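Please open the model in your viewer and keep the sequence panel beside it, since each stop on this tour begins with a selection. The route passes through backbone details, helices, the core and the pockets.

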Amino acid sequence: MGSIFRNDEVEREYYHCYERSLAMFEMNFTSLIIPTSFGETHVLCFGDTNKKPLLLLHGMTMSSMMWYPNMKQLVQERSVYAIDVIGDFGKSKPEKAIKSRKDAQLWLLEVLNGLQFEKVDLAGHSMGGFLSLNFALAYPKRLSKLLLYAPAGSFHRISPKFFMKVYPALLFHTDKSIDNAFKWFSGKGEILPPVFRSLVIAGYRHAKPLMQVMPSVFSKEEFHSYQISTLLLIGDKEVIYPAKKAIANAKNWIPNLETHLITGASHSLTMEDAEIVNKITLNFLHNQGTDC
(Lines give C-alpha, C1' and ligand atoms only; values in the text may rest on other atoms or scores of the structure.)
Protein backbone atom coordinates (compact mmCIF):
# COMPACT_ATOMS: atom_id res chain seq x y z
CA MET A 1 0.00 0.00 0.00
CA GLY A 2 2.42 2.69 1.22
CA SER A 3 0.47 5.76 0.03
CA ILE A 4 -3.04 7.19 0.12
CA PHE A 5 -2.41 9.13 -3.10
CA ARG A 6 -3.57 8.15 -6.58
CA ASN A 7 -0.10 8.33 -8.09
CA ASP A 8 3.43 9.60 -7.46
CA GLU A 9 2.89 12.89 -9.27
CA VAL A 10 -0.05 14.03 -7.13
CA GLU A 11 1.70 12.78 -4.00
CA ARG A 12 4.61 15.09 -4.83
CA GLU A 13 2.14 17.94 -5.38
CA TYR A 14 0.60 17.35 -1.94
CA TYR A 15 4.02 17.14 -0.30
CA HIS A 16 4.98 20.44 -1.96
CA CYS A 17 1.90 22.06 -0.40
CA TYR A 18 2.80 20.43 2.92
CA GLU A 19 6.31 21.90 2.81
CA ARG A 20 4.91 25.36 1.97
CA SER A 21 2.52 25.06 4.91
CA LEU A 22 5.37 24.42 7.33
CA ALA A 23 6.40 28.06 6.94
CA MET A 24 3.20 29.03 8.79
CA PHE A 25 4.73 27.75 12.04
CA GLU A 26 7.59 30.27 11.82
CA MET A 27 9.60 27.89 14.00
CA ASN A 28 12.40 25.39 13.79
CA PHE A 29 11.36 21.75 13.76
CA THR A 30 12.62 18.27 13.02
CA SER A 31 10.84 15.39 11.31
CA LEU A 32 10.79 11.77 12.43
CA ILE A 33 9.55 8.61 10.76
CA ILE A 34 8.27 6.06 13.29
CA PRO A 35 7.82 2.51 11.93
CA THR A 36 4.69 0.71 13.14
CA SER A 37 2.87 -2.44 12.16
CA PHE A 38 0.42 -0.20 10.25
CA GLY A 39 3.13 1.60 8.28
CA GLU A 40 5.40 4.61 8.64
CA THR A 41 4.14 7.41 10.87
CA HIS A 42 5.41 10.94 10.23
CA VAL A 43 5.97 13.17 13.27
CA LEU A 44 6.91 16.85 13.46
CA CYS A 45 8.90 17.79 16.57
CA PHE A 46 8.95 21.31 18.06
CA GLY A 47 10.54 22.91 21.10
CA ASP A 48 12.98 21.87 23.80
CA THR A 49 13.26 18.08 23.92
CA ASN A 50 14.25 18.32 27.59
CA LYS A 51 10.69 19.35 28.43
CA LYS A 52 7.92 16.86 29.04
CA PRO A 53 6.40 15.60 25.77
CA LEU A 54 2.99 16.61 24.47
CA LEU A 55 1.62 14.60 21.53
CA LEU A 56 -0.95 16.12 19.15
CA LEU A 57 -3.46 14.30 16.93
CA HIS A 58 -5.09 16.43 14.24
CA GLY A 59 -8.65 16.49 13.00
CA MET A 60 -9.69 14.37 10.01
CA THR A 61 -8.16 15.54 6.68
CA MET A 62 -6.35 18.42 8.42
CA SER A 63 -2.84 16.94 8.91
CA SER A 64 -0.43 18.25 11.54
CA MET A 65 -0.41 21.60 9.72
CA MET A 66 -3.59 22.55 11.61
CA TRP A 67 -1.54 23.25 14.75
CA TYR A 68 0.32 26.27 13.35
CA PRO A 69 -1.72 28.82 15.38
CA ASN A 70 -0.98 26.94 18.61
CA MET A 71 2.61 25.76 18.44
CA LYS A 72 4.54 28.83 19.63
CA GLN A 73 2.51 28.82 22.82
CA LEU A 74 2.55 25.06 23.40
CA VAL A 75 6.35 24.88 23.35
CA GLN A 76 6.42 27.21 26.35
CA GLU A 77 5.33 24.26 28.50
CA ARG A 78 6.20 21.12 26.52
CA SER A 79 8.24 19.57 23.78
CA VAL A 80 5.58 18.99 21.14
CA TYR A 81 5.18 16.10 18.71
CA ALA A 82 2.55 16.62 16.01
CA ILE A 83 1.60 13.24 14.54
CA ASP A 84 0.21 12.77 11.03
CA VAL A 85 -2.51 10.20 11.72
CA ILE A 86 -1.75 7.15 9.62
CA GLY A 87 -4.26 6.60 6.83
CA ASP A 88 -5.31 10.27 6.85
CA PHE A 89 -3.96 13.24 4.89
CA GLY A 90 -0.36 14.03 5.78
CA LYS A 91 3.02 12.41 5.27
CA SER A 92 2.47 9.11 7.06
CA LYS A 93 2.50 6.07 4.75
CA PRO A 94 0.11 3.25 5.68
CA GLU A 95 0.78 -0.38 4.90
CA LYS A 96 -2.62 -1.48 6.14
CA ALA A 97 -5.77 0.28 7.26
CA ILE A 98 -6.81 0.91 10.85
CA LYS A 99 -10.15 -0.88 11.01
CA SER A 100 -11.09 -0.88 14.69
CA ARG A 101 -10.69 1.01 17.93
CA LYS A 102 -8.21 -1.66 19.02
CA ASP A 103 -6.14 -1.11 15.87
CA ALA A 104 -6.09 2.63 16.58
CA GLN A 105 -4.97 2.03 20.16
CA LEU A 106 -2.18 -0.30 19.04
CA TRP A 107 -0.96 2.12 16.37
CA LEU A 108 -0.64 4.99 18.85
CA LEU A 109 1.00 2.73 21.42
CA GLU A 110 3.61 1.79 18.82
CA VAL A 111 4.20 5.48 18.07
CA LEU A 112 4.79 6.21 21.76
CA ASN A 113 7.13 3.26 22.01
CA GLY A 114 8.92 4.32 18.84
CA LEU A 115 9.45 7.79 20.28
CA GLN A 116 10.71 6.07 23.47
CA PHE A 117 8.23 7.86 25.73
CA GLU A 118 6.97 6.05 28.79
CA LYS A 119 4.42 8.72 29.76
CA VAL A 120 3.13 11.74 27.84
CA ASP A 121 0.42 14.36 27.69
CA LEU A 122 -1.90 13.77 24.74
CA ALA A 123 -4.15 16.24 22.91
CA GLY A 124 -6.46 15.84 19.94
CA HIS A 125 -8.94 17.82 17.88
CA SER A 126 -12.14 16.31 16.44
CA MET A 127 -11.22 12.84 15.12
CA GLY A 128 -7.87 13.29 16.85
CA GLY A 129 -9.74 13.87 20.10
CA PHE A 130 -11.71 10.67 19.61
CA LEU A 131 -8.49 8.74 18.92
CA SER A 132 -6.83 10.32 21.97
CA LEU A 133 -9.65 9.38 24.32
CA ASN A 134 -9.80 5.93 22.76
CA PHE A 135 -6.11 5.47 23.61
CA ALA A 136 -6.57 6.85 27.13
CA LEU A 137 -9.21 4.23 27.90
CA ALA A 138 -6.89 1.40 26.82
CA TYR A 139 -3.53 2.62 28.14
CA PRO A 140 -4.18 5.08 31.00
CA LYS A 141 -0.78 4.49 32.58
CA ARG A 142 0.92 5.96 29.49
CA LEU A 143 -0.75 9.37 29.92
CA SER A 144 -0.36 12.17 32.46
CA LYS A 145 -2.94 14.56 31.00
CA LEU A 146 -5.50 14.40 28.20
CA LEU A 147 -6.71 17.45 26.27
CA LEU A 148 -9.78 17.16 24.05
CA TYR A 149 -10.72 19.90 21.59
CA ALA A 150 -14.24 19.38 20.19
CA PRO A 151 -13.73 15.60 20.05
CA ALA A 152 -15.75 13.85 17.35
CA GLY A 153 -18.36 11.50 18.81
CA SER A 154 -17.00 10.50 22.21
CA PHE A 155 -19.70 12.03 24.44
CA HIS A 156 -22.56 12.61 22.00
CA ARG A 157 -23.52 11.16 18.62
CA ILE A 158 -22.59 13.21 15.57
CA SER A 159 -25.34 15.15 13.80
CA PRO A 160 -26.42 13.80 10.37
CA LYS A 161 -25.70 17.30 9.05
CA PHE A 162 -22.00 16.54 9.45
CA PHE A 163 -22.15 13.84 6.80
CA MET A 164 -24.32 16.01 4.54
CA LYS A 165 -21.68 18.73 4.63
CA VAL A 166 -18.51 16.63 4.46
CA TYR A 167 -19.39 13.91 1.94
CA PRO A 168 -19.83 16.30 -1.02
CA ALA A 169 -16.25 17.48 -0.43
CA LEU A 170 -14.98 13.89 -0.32
CA LEU A 171 -17.02 12.84 -3.36
CA PHE A 172 -16.71 15.80 -5.72
CA HIS A 173 -13.41 17.42 -4.66
CA THR A 174 -14.44 20.86 -5.92
CA ASP A 175 -13.16 24.05 -4.34
CA LYS A 176 -16.74 25.08 -3.60
CA SER A 177 -17.73 21.83 -1.86
CA ILE A 178 -14.55 21.87 0.24
CA ASP A 179 -14.96 25.55 1.13
CA ASN A 180 -18.60 24.97 2.06
CA ALA A 181 -17.64 22.16 4.44
CA PHE A 182 -15.07 24.27 6.27
CA LYS A 183 -17.32 27.35 6.33
CA TRP A 184 -19.85 25.16 8.12
CA PHE A 185 -17.21 24.16 10.69
CA SER A 186 -16.29 27.81 11.22
CA GLY A 187 -17.80 29.92 13.97
CA LYS A 188 -17.30 32.93 11.69
CA GLY A 189 -18.39 31.28 8.42
CA GLU A 190 -14.93 31.69 6.91
CA ILE A 191 -12.90 29.54 4.52
CA LEU A 192 -9.44 28.30 5.47
CA PRO A 193 -6.35 30.56 5.25
CA PRO A 194 -4.89 30.43 1.69
CA VAL A 195 -1.74 28.32 2.17
CA PHE A 196 -3.48 25.83 4.44
CA ARG A 197 -6.51 25.78 2.13
CA SER A 198 -4.27 24.79 -0.80
CA LEU A 199 -2.93 21.85 1.21
CA VAL A 200 -6.39 20.64 2.25
CA ILE A 201 -7.76 20.93 -1.28
CA ALA A 202 -4.78 18.99 -2.65
CA GLY A 203 -5.56 16.22 -0.16
CA TYR A 204 -9.25 16.04 -1.03
CA ARG A 205 -8.49 16.00 -4.76
CA HIS A 206 -5.66 13.51 -4.86
CA ALA A 207 -5.90 11.20 -1.84
CA LYS A 208 -8.27 8.66 -0.38
CA PRO A 209 -8.12 8.36 3.41
CA LEU A 210 -7.67 4.81 4.71
CA MET A 211 -8.74 5.38 8.31
CA GLN A 212 -11.73 3.05 8.59
CA VAL A 213 -12.73 3.80 12.18
CA MET A 214 -15.72 6.10 12.58
CA PRO A 215 -15.93 8.22 15.74
CA SER A 216 -18.58 6.84 18.07
CA VAL A 217 -19.92 7.52 21.56
CA PHE A 218 -18.10 5.77 24.37
CA SER A 219 -20.14 4.01 27.04
CA LYS A 220 -20.27 5.31 30.59
CA GLU A 221 -19.04 1.92 31.81
CA GLU A 222 -15.71 2.43 30.02
CA PHE A 223 -14.92 5.24 32.48
CA HIS A 224 -15.52 3.25 35.68
CA SER A 225 -11.86 3.47 36.75
CA TYR A 226 -10.83 6.56 34.75
CA GLN A 227 -8.40 8.81 36.63
CA ILE A 228 -6.53 10.83 33.97
CA SER A 229 -6.52 14.59 34.43
CA THR A 230 -8.62 15.72 31.46
CA LEU A 231 -9.50 19.00 29.74
CA LEU A 232 -12.49 19.36 27.40
CA LEU A 233 -12.99 22.43 25.20
CA ILE A 234 -16.08 22.86 23.01
CA GLY A 235 -17.42 25.99 21.31
CA ASP A 236 -20.94 27.15 22.07
CA LYS A 237 -21.56 27.29 18.29
CA GLU A 238 -20.42 23.68 17.76
CA VAL A 239 -22.20 22.15 14.75
CA ILE A 240 -21.41 18.43 14.95
CA TYR A 241 -23.41 17.91 18.19
CA PRO A 242 -25.09 19.99 20.93
CA ALA A 243 -22.18 21.37 22.91
CA LYS A 244 -23.86 21.64 26.32
CA LYS A 245 -25.22 18.08 26.15
CA ALA A 246 -21.79 16.71 25.21
CA ILE A 247 -20.19 18.55 28.12
CA ALA A 248 -22.89 17.36 30.53
CA ASN A 249 -22.34 13.74 29.49
CA ALA A 250 -18.59 14.09 29.82
CA LYS A 251 -18.87 15.59 33.31
CA ASN A 252 -21.16 12.75 34.32
CA TRP A 253 -18.64 10.15 33.17
CA ILE A 254 -15.23 11.67 33.98
CA PRO A 255 -14.27 12.64 37.55
CA ASN A 256 -12.51 15.98 38.08
CA LEU A 257 -13.00 16.97 34.44
CA GLU A 258 -12.09 20.56 33.52
CA THR A 259 -14.49 21.92 30.90
CA HIS A 260 -14.80 25.18 28.99
CA LEU A 261 -17.64 26.23 26.70
CA ILE A 262 -16.01 28.85 24.48
CA THR A 263 -18.26 31.71 23.44
CA GLY A 264 -18.57 32.24 19.69
CA ALA A 265 -16.43 29.22 18.81
CA SER A 266 -17.43 26.32 16.58
CA HIS A 267 -15.66 23.17 15.43
CA SER A 268 -12.56 25.00 14.16
CA LEU A 269 -11.88 26.46 17.61
CA THR A 270 -8.18 25.55 17.82
CA MET A 271 -7.46 27.65 14.73
CA GLU A 272 -10.06 30.42 14.81
CA ASP A 273 -10.03 30.90 18.58
CA ALA A 274 -6.38 30.01 19.09
CA GLU A 275 -5.67 32.76 21.62
CA ILE A 276 -8.20 31.57 24.19
CA VAL A 277 -7.57 27.88 23.43
CA ASN A 278 -3.84 28.40 23.91
CA LYS A 279 -4.35 30.27 27.19
CA ILE A 280 -6.61 27.58 28.67
CA THR A 281 -4.29 24.85 27.41
CA LEU A 282 -1.17 26.39 28.92
CA ASN A 283 -2.90 26.87 32.25
CA PHE A 284 -4.05 23.26 32.25
CA LEU A 285 -0.60 21.95 31.36
CA HIS A 286 1.07 24.14 33.97
CA ASN A 287 -1.45 23.46 36.74
CA GLN A 288 -4.11 20.96 37.62
CA GLY A 289 -6.83 23.49 36.81
CA THR A 290 -10.36 23.70 38.15
CA ASP A 291 -13.68 22.86 36.58
CA CYS A 292 -15.74 25.75 35.29
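Begin by selecting A150, which counts as buried because its relative accessible area is 0%, and keep in mind that this is a predicted model. A150 sits in the loop between β7 (143–149) and α5, and its phi is near 45°, a positive value in a residue other than glycine. Most residues other than glycine have a negative phi.

For a second such backbone angle, go to E26, in the loop between α1 (8–22) and β1, where phi is near 55° and thus again positive in a residue other than glycine. Is E26 buried or exposed? With a relative accessible area of 62%, E26 is exposed, whereas A150 is buried.

Next, select helix α3, residues 101–115, and show its C-alpha trace. Its 15 residues, at 1.5 Å a residue, should span 21 Å, and because the end C-alpha atoms are 21 Å apart, the model agrees with that expectation. Colour A104, Q105, W107, L108, L109, E110, V111, L112 and L115, which are the buried residues of this helix; the elements that cover them include the strands β1 (30–36), β2 (39–46), β3 (53–57), β4 (79–83) and β6 (120–125), together with the helix α4 (127–138). Step just past the end of α3 to Q116, and you will find a positive phi of about 65°.

Stay with W107 for a moment and display its surroundings. Leaving aside residues up to four places away in sequence, W107 touches T36, F38, T41, L57, I83, D84, V85, I86 and I98. The largest nonpolar core has 109 residues, and W107, F155 and F196 are those with the most contacts inside it.

From here move to α4, whose 12 residues should span 16 Å at 1.5 Å a residue; the end C-alpha atoms are 17 Å apart, which agrees. How many of the residues of α4 are buried? The helix is mostly covered, with 11 of its 12 residues buried, among them M127, F130, N134 and L137. Show β3, α3, β6 and β7 alongside, since these are elements against which the buried residues of α4 pack.

Now turn to the pockets. Rolling a probe the size of a water molecule over the atoms shows where empty space is left. Select M60, T61, F162, V166 and L170, which lie nearest the centre of the largest pocket, among the 30 residues that line it; its volume is about 550 Å³. Helices α5 (160–172), α6 (175–185) and α9 each supply at least two residues of this lining, and the largest share, 5 residues, comes from α5. By class, the lining has 21 nonpolar, 8 polar and 1 charged residues.

The second largest pocket has a volume of about 150 Å³, and to see it you can select its lining residues, including Y68, P69, F182, K188, E190, M271 and E272. Here the lining has 7 nonpolar, 2 polar and 3 charged residues.

As a last stop, select T263, in the loop between β9 (258–262) and α9 (269–272), which counts as exposed at 66% relative accessibility. Draw a line from T263 to A82: the two are 181 residues apart in sequence and, C-alpha to C-alpha, 27 Å apart in space.

Key: Residues are numbered from 1 along each chain as its sequence is written. This is a predicted model: local features need pLDDT of at least 70, side-chain atom pairs count only at pLDDT 80 or more; totals for chains, interfaces and linings use all residues. Side-chain values use heavy atoms; hydrogens and water are left out. Helices (H or I, at least four residues) and strands (E, at least two) are DSSP runs, numbered from the N terminus. The expected span of a helix is 1.5 Å times one less than its number of residues. Buried means under 20% relative accessible area, exposed over 50%, partly exposed in between (1.4 Å probe, protein chains only). Contact means heavy atoms within 4.5 Å. On a 1 Å grid over the protein atoms alone, a cavity is a set of points where a 1.4 Å probe fits but cannot get out, and a pocket is an open set with protein on both sides within 12 Å along at least five of seven lines; lining residues have an atom within 4 Å of a point. Grid points are joined across faces, edges and corners, and a volume is the space filled by probe spheres set on the points. Ala, Val, Leu, Ile, Met, Phe, Trp, Tyr, Cys and Pro count as nonpolar, Asp, Glu, Lys and Arg as charged, and the others, Gly among them, as polar. A nonpolar core is a set of buried Ala, Val, Leu, Ile, Met, Phe, Trp, Tyr and Cys residues joined through side-chain atoms within 4.5 Å.
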